[in-house]
Amino acid sequence: MHMVWKVSSFFCVVFQFIIVFSVPLRGQIITTIAGGGTGGDGTQATAAAINNPGFLAFDKIGNLFFTESAGHRIRKINTSGIISTIAGSGTPGFGGDGGPSKFAVLNQPAGIVVDTVGNIFFVDGANHRIRKIDARTGFISTIVGGPSAGFTGDGGYAHLAKLYQPGGLWLDKNGDLYVCDDGNLRLRKIDKHGVISTVAGNGFSGRGGDGNPATAARCYPYDGIAKDGNGNLYFTEWTWGVIRKINDLGIISTIAGDTSGFLYNGDNIPASNARINPFFILINDQNEIIISDTYNNRIRRIDKTGIISTIAGTGIAGSNGDGGLAVLANIHHPSGMAFDSCGNLFFTQANTPRIRKIAFNPDCVPMAVKDDVTDKINGVTLLPNPTTGTVTLMTIAPVYTVAIYNLLGQIVLQQAGSGKPQQQIDVSTLPPGVYIVRVNDVWTARLVKE
């Protein structure tokens with residue numbers, strides 16, 4: 001059983017906003033940025049309840065979108081940390097095409113991607129479709145699939161094709177959209193002209209075919225798809241516990257997973273000998289593969305030499321450890337993943353519904369709050385900086401509002417200004433880290449809390 005159900009000119013050429021980074025992957029702090037609360041739309045995401053979050057995607061200004069499979073919704077966390085629903089009523093079904101996405105009805109949405117102009121593409125899994133939310137109009141439409149499951153359409157326009165329980169999505173820099181067509185046991189591609197084709201899988205169950213064309217192989221593409229910097233395509237076979245690769249000649253091979261089972265058998269071994277349960281994958285600019293190793297309750301990395309290691313999770317299911325090292329935290333069935341514009345890793349926990357963050361690059365300021373931030377700009381000075389408690393803010397003009405943002409772009413503290421060019425701010429309750437202080441919604445400065 002799947003953990004989470006998955007998703008003219010066909011569409012304008014689209015590009016996934018892909019930022020990948022070479023940053024240290026150990027010794028990083030883990031936090032929860034959504035879920036675990038009881039709040040709803042319009043509240044801080046950290047105080048909200050979320051329902052079976054599956055897949056994640058950032059847009060280019062730092063808004064985070066995610067699919068709620070069991071909640072039948074697409075939700076958004078804006079750069080102030082406020083959560084909202086942008087599609088789905090919460091009741092399974094199908095409807096809304098041609099109108100505003102907020103009135104649409106979905107059924108177990110899964111994979112999601114966002115292009116550079118803000119169009120959102122997502123899998124509407126139990127409706128056997130891929131749908132689009134137009135960035136300009138906010139209207140929703142179906143771009144692939146129809147009212148019934150099936151396998152048709154290769155070589156023709158995608159809007160005439162059929163899918164069967166689609167899952168993961170990937171949008172590459174050329175504007176080609178890849179989808180795990182789970183029920184059809186195939187990995188398919190919709191090119192930038194809207195033509196659909198099969199790139200892996202012959203439709204027969206089982207696994208095999210390594211060393212031969214991927215289209216002749218038996219495989220079970222599930223949820224994870226990614227491309228490296230050399231154009232090699234990777235996908236997960238969660239059912240078989242492997243990751244497979246298709247090179248630029250279309251030849252398939254298995255690069256991780258020993259197929260003997262899912263149970264964790266150690267780190268710092270060749271990935272080909274590791275027992276994994278790979279749900280999703282990402283690839284950084286060093287061509288290292290990041291894996292959500294779901295039932296092993298870990299996030300793992302395969303380095304350029306093919307050695308696998310753990311970067312988050314102890315193997316014990318749970319949600320504790322926030323504020324500490326990711327490798328010492330308990331995580332629970334990690335699923336979808338995404339990098340933000342600084343290369344920090346965000347991932348979902350579907351079964352203990354949360355979205356969590358691993359700060360791989362804590363000194364980076366995300367696009368959402370990047371306004372030429374320095375320690376002193378436009379006359380704004382913070383003393384002492386770094387600080388452990390109270391900081392004095394001094395500026396060239398009266399202070400009317402002060403807001404402090406974390407590196408997700410969430411407001412963690414705000415207060416009215418003194419109306420004078422100097423003000424005391426007590427940050428003793430904030431956890432250690434780097435923050436952005438915004439004054440009068442105009443000036444910004446970097447604050448380090450020790």
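This is a short walk through one sheet of a predicted model and a lysine on its edge strand.

Let's start with the sheet. Strands of a sheet pair through backbone hydrogen bonds, either parallel or antiparallel. Here, four strands form an open sheet in the order S29-S28-S31-S32, and the pairing is antiparallel. At the edges sit S29, covering 411-416, and S32, each of which pairs on one side only. From one strand to the next, the twist averages 20°.

If you follow the S29 side, you will find S28, made of residues 401-405, running antiparallel to S29 and joined to it by 5 bridges. One pairing you can pick out by eye is that of tyrosine 405 with its bridge partner in S29, isoleucine 411.

Now move across to the other edge strand, S32, which spans residues 443-449 and includes lysine 449. What is the nearest side chain of opposite charge to this lysine? It belongs to aspartate 426, 7.4 Å away. A salt bridge requires the charged atoms to lie within 4 Å, and lysine 449 has none, although the residue is buried.

So where does the side chain of lysine 449 go? The polar contacts on offer are with backbone: the side chain reaches the backbone oxygen of valine 427 at 3.2 Å and that of serine 428 at 3.3 Å. Both residues also appear among the contacts of lysine 449, leaving aside residues up to four places away in sequence. The other neighbours it touches are Thr387, Thr388, Leu430, Pro431, Pro432, Gly433 and Tyr435.

How values were computed. Residues are numbered from 1 along each chain as its sequence is written. This is a predicted model: local features need pLDDT of at least 70, side-chain atom pairs count only at pLDDT 80 or more; totals for chains, interfaces and linings use all residues. Side-chain values use heavy atoms; hydrogens and water are left out. Helices (H or I, at least four residues) and strands (E, at least two) are DSSP runs, numbered from the N terminus. Buried means under 20% relative accessible area, exposed over 50%, partly exposed in between (1.4 Å probe, protein chains only). Lys and Arg count as positive and Asp and Glu as negative; His and the chain ends are not counted. A polar contact is a pair of N or O atoms within 3.5 Å; within protein, one must be able to donate a hydrogen and the other to accept it, and residues adjacent in sequence count only if both atoms are side-chain atoms. Contact means heavy atoms within 4.5 Å. Two strands pair if DSSP finds at least two bridges between them. Axes are lines fitted to C-alpha atoms, for helices over the stretch in contact, and angles run from 0 to 180 degrees between N-to-C directions.
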